[in-house]
Amino acid sequence: MSAPKQTYSSVLRLRKLKTAEQILGAGEHNDRTKQPPNADPERKPPGPLIGAGKTTLELVNQRIRECGIRPRKNAVLAYEIIVSAGPKFFKNLTPEQRLQWTTQSLDYIKKTFIADNVVHAIVHDDESTPHLHL
């Protein structure tokens with residue numbers, strides 16, 4: 001009999017992105033093509049968990065085309081989702097537990113927002129508190 005799967009608490013933030021510029025800016029921040037001052041460049045994220053090889057804007061536009069949608073003026077084109085927890089939560093987690101937190105968080109977002117709609121995901125371990133951008 002295997003040990004029960006541990007569950008973790010998280011904080012979830014959603015931000016509406018209505019323009020190509022907002023999507024590009026979020027993508028540059030998330031992929032670290034534009035280094036923010038609060039991030040440690042020595043601990044750069046290894047790369048996207050989902051959506052490698054294309055910009056976030058390309059991925060969003062591709063998904064919109066796949067759905068056959070023609071967005072109206074001022075429509076929400078995408079949501080940027082950030083999943084995190086307080087710094088105290090991450091302080092004593094083992095690498096295996098952090099991976100489990102990341103996996104559970106990603107699974108929750110894919111289930112909640114439909115997996116095909118999650119076009120990009122990356123973990124940021126280069127700031128004071130780890131978090132997942134989707």
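**Notebook: salt bridges, N30 and the overall fold**

I started with E28, which is partly exposed because its relative accessible area is 32%. I note that the model is predicted. The side chain of E28 forms a salt bridge with the side chain of K34, at 3.7 Å from N to O. K34 has a relative accessible area of 56%, so I logged K34 as exposed.

I then listed the salt bridges and found six in the structure. Side chains of opposite charge can pair when their charged atoms come close.

Next I looked up R32. The side chains of D126 and R32 meet in a salt bridge at 2.8 Å, N to O. This pair connects distant parts of the chain: D126 sits in the loop between β3 (122-124) and β4 (131-133), R32 in the loop between α1 and α2, and they are 94 residues apart. D126 and R32 are both buried.

R32 has a second salt bridge on record here, with the side chain of E127 at 2.6 Å, N to O. It too links distant parts of the chain, as E127 lies in the loop between β3 and β4, 95 residues from R32. Is R32 buried or exposed? I have R32 at 4% relative accessibility, so it counts as buried. E127 is at 13%, which is under the 20% limit, and therefore counts as buried. Through shared partners, the salt bridges join R32, D126 and E127 into one network.

I moved on to N30, in helix α1 (residues 20-31). Its relative accessible area is 4%, so N30 is buried. Which side chains make polar contacts with the side chain of N30? I found E80 at 3.2 Å and H133 at 2.9 Å. Leaving out residues up to four places away in sequence, N30 touches E80, H120, I122, H124 and H133.

On the surface I checked a nonpolar patch of about 450 Å², made by L12, L14, V76, Y79 and Y108. V76 is in the loop between α2 (56-66) and β2 (78-84). I logged V76 as partly exposed because its relative accessible area is 31%.

Last, the whole chain. I counted four helices and four strands, in the order β-α-α-β-α-α-β-β along the sequence. The radius of gyration is 16 Å, which agrees with the value near 14 Å for a compact globule of 134 residues. The C-alpha trace spans about 50 × 40 × 25 Å along its principal axes. Of the 134 residues, 37% count as buried. I noted about 8900 Å² of exposed area, with 54% supplied by carbon and sulfur atoms. Among contacts with a separation of 6 or more, 77% join residues 24 or more positions apart.

Definitions and conventions
Residues numbered from 1 in each chain as written. Predicted model: local features only at pLDDT ≥ 70, side-chain atom pairs only at ≥ 80, totals over all residues. Heavy atoms only, no water. Patch = residues over 30% accessible without salt bridge, like charges linked within 9 Å, V, L, I, M, F, W, Y side chains within 5 Å. Areas by Shrake-Rupley, 256 points an atom, 1.4 Å probe, with all protein chains shown as cover. Salt bridge = Lys/Arg side-chain N within 4 Å of Asp/Glu carboxyl O. Helix = DSSP H or I, 4+ residues; strand = E, 2+ residues; numbered from the N terminus. Buried < 20%, exposed > 50% of the residue type's maximum accessible area, 1.4 Å probe, protein only. Rg over C-alpha atoms; globule rule 2.2 N^0.38 Å. Contact = heavy atoms within 4.5 Å. Polar contact = N/O pair within 3.5 Å; in protein donor to acceptor, adjacent residues only side chain to side chain.
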